[in-house]
Amino acid sequence: MGLRLADKTAIITGAARGIGAATSELFAAEGAHVVVADVNEDLGGAQAESIRAAGGSAEFLRLDVTDLDEWKDCISFTEKRFGKLNILVNNAGISCSLSIAETTAEHWDRVIATNQTSVYYGMQLAIEAMARTGEPCAIANASSVDGLVGESRFFAYCAAKGAVTLMTKAAALYCAEQNLPIRVNSVHPGYVQSPMAAVDAAQNGQTVEEYTREFADRHPLGHLGEPRDIADGYLYLCSDEARFVTGTQLTIDGGYTAQ
Ligand code: NAD
């Protein structure tokens, strides 16, 4: 088998660290030209450099996914630099480990802007750019197990991730109805050992070890996921192997939602 993403161009948001960084490495290793798009310029620049050092093709671009103008710049940078856009992974996100009682309007607005509105901006502009290629294209959106089932500690986060589940299906149906060669799917990770886990632990007043132990027990496989577990799911959905897959939700959660 040849490389699974040979000659495809992919924008991966939130690719400076965690799941996005693992995905950018994997996509580049499978032959994609990768735009590492993130607000974190130091880590994002280093991530693109490390992909190039390993022989891959990558550029860093600063993108705040809550800003529509920055999205427009990101799409035009990608088309100018690599000639086309085939893949968008809307992976950037922030956590917010707060119940409905603890959530302020400010928390709410920030989580919805970063985890939900960003997916609308990115998909709308990417669909326009992808329609110009005429080649098979794919969008994969980061939802979560918290976009499928409720979790009292993640009120605003559940709202945004639940919306992403259905925004994905609505956009997938639109592309199919318009005969656009664009598939749209969502990925639903269980709890993953990424830098985000440390943010959640701190917000819960837990050490990372306490957090890992508590949440590992809630996954039937008995441990948290690794960023690469989720990157493999993004790879499948964005490769031509998933050519008959659109509007679906790929749950990668160690059995969390099977209970
Ligand atoms: P992470 O915090 O380790 O990394 C997130 C990345 O997104 C960082 O590089 C950060 O700089 C970037 N980012 C944040 N706000 C941004 C913005 N406004 N514009 C551009 N980039 C921005 O998180 P992760 O664990 O790698 O999570 C990746 C995705 O997977 C997120 O959407 C997250 O909600 C989702 N997810 C994570 C878990 C988990 O347990 N870690 C579980 C389910 C879903």
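# Exercises on salt bridges and overall form

E135 is partly exposed, with a relative accessible area of 30%. The structure is a predicted model, and the exercises below begin with the partner of this residue.

**Exercise 1.** Determine which residue forms a salt bridge with E135, and where the two partners lie.

*Solution.*
Step 1. The partner is K84, and the closest N and O atoms of the pair are 2.8 Å apart. This distance satisfies the cut-off for a salt bridge, which is 4 Å.
Step 2. K84 belongs to the loop between helix 3 (68–82) and strand 4 (87–90), while E135 belongs to the loop between helix 4 (105–131) and strand 5 (137–142). The two residues are 51 residues apart, and the pair links distant parts of the chain.
Step 3. K84 has a relative accessibility of 17% and therefore counts as buried, the limit being under 20%. E135, at 30%, is partly exposed.

**Exercise 2.** Describe the salt bridge between R62 and E41, including the exposure of each residue.

*Solution.*
Step 1. The closest N and O atoms of R62 and E41 are 3.2 Å apart.
Step 2. R62 is in strand 3 (residues 57–62) and E41 is in helix 2 (residues 41–53). With their positions 21 residues apart, this pair also links distant parts of the chain.
Step 3. The relative accessible area is 35% for R62 and 46% for E41. R62 is thus partly exposed, and E41 is likewise partly exposed.

**Exercise 3.** Establish which parts of the chain are tied together by E151 and R218, and which network includes them.

*Solution.*
Step 1. The side chains of E151 and R218 form a salt bridge with an N to O distance of 2.7 Å.
Step 2. E151 is found in the loop between strand 5 and helix 5 (155–177), and R218 in the loop between helix 7 (208–217) and helix 8 (227–238); the pair therefore ties together parts that are 67 residues apart in sequence.
Step 3. E151 counts as buried at 10% relative accessibility, whereas R218 is partly exposed at 28%.
Step 4. Salt bridges with shared partners join E151, R153, E214 and R218 into one network.
Step 5. For the protein, the count of salt bridges comes to 12.

**Exercise 4.** Identify the nearest side chain of opposite charge to E30, and state what surrounds this residue.

*Solution.*
Step 1. E30 lies in the loop between helix 1 (18–29) and strand 2 (33–38).
Step 2. Side chains of opposite charge can pair when their charged atoms come close. For E30 the nearest such side chain is R4, at 4.6 Å; the cut-off is 4 Å. E30 is buried and has no salt bridge.
Step 3. Apart from neighbours within four places in sequence, E30 is in contact with L3, R4, L5, A6 and L235.

**Exercise 5.** Assess how the radius of gyration of the protein agrees with that of a compact globule, and add the main features of the fold.

*Solution.*
Step 1. A compact globule of 259 residues would have a radius of gyration near 18 Å; the protein has 17 Å, so the values agree.
Step 2. The C-alpha atoms fill a box of roughly 45 × 40 × 35 Å along the principal axes.
Step 3. The protein contains eight helices and seven strands, and 51% of its residues are buried.
Step 4. Among contacts with a separation of 6 or more, 72% are between residues 24 or more positions apart.
Step 5. The protein carries 19 positive and 33 negative charges, whose mean positions are 5 Å apart.

Definitions and conventions: Residues are numbered from 1 along each chain as its sequence is written. This is a predicted model: local features need pLDDT of at least 70, side-chain atom pairs count only at pLDDT 80 or more; totals for chains, interfaces and linings use all residues. Side-chain values use heavy atoms; hydrogens and water are left out. Helices (H or I, at least four residues) and strands (E, at least two) are DSSP runs, numbered from the N terminus. The radius of gyration is taken over C-alpha atoms; the globule rule is 2.2 Å times the number of residues to the power 0.38. Buried means under 20% relative accessible area, exposed over 50%, partly exposed in between (1.4 Å probe, protein chains only). Contact means heavy atoms within 4.5 Å. Lys and Arg count as positive and Asp and Glu as negative; His and the chain ends are not counted. The place of a charge is taken as NZ of Lys, CZ of Arg, CG of Asp or CD of Glu.
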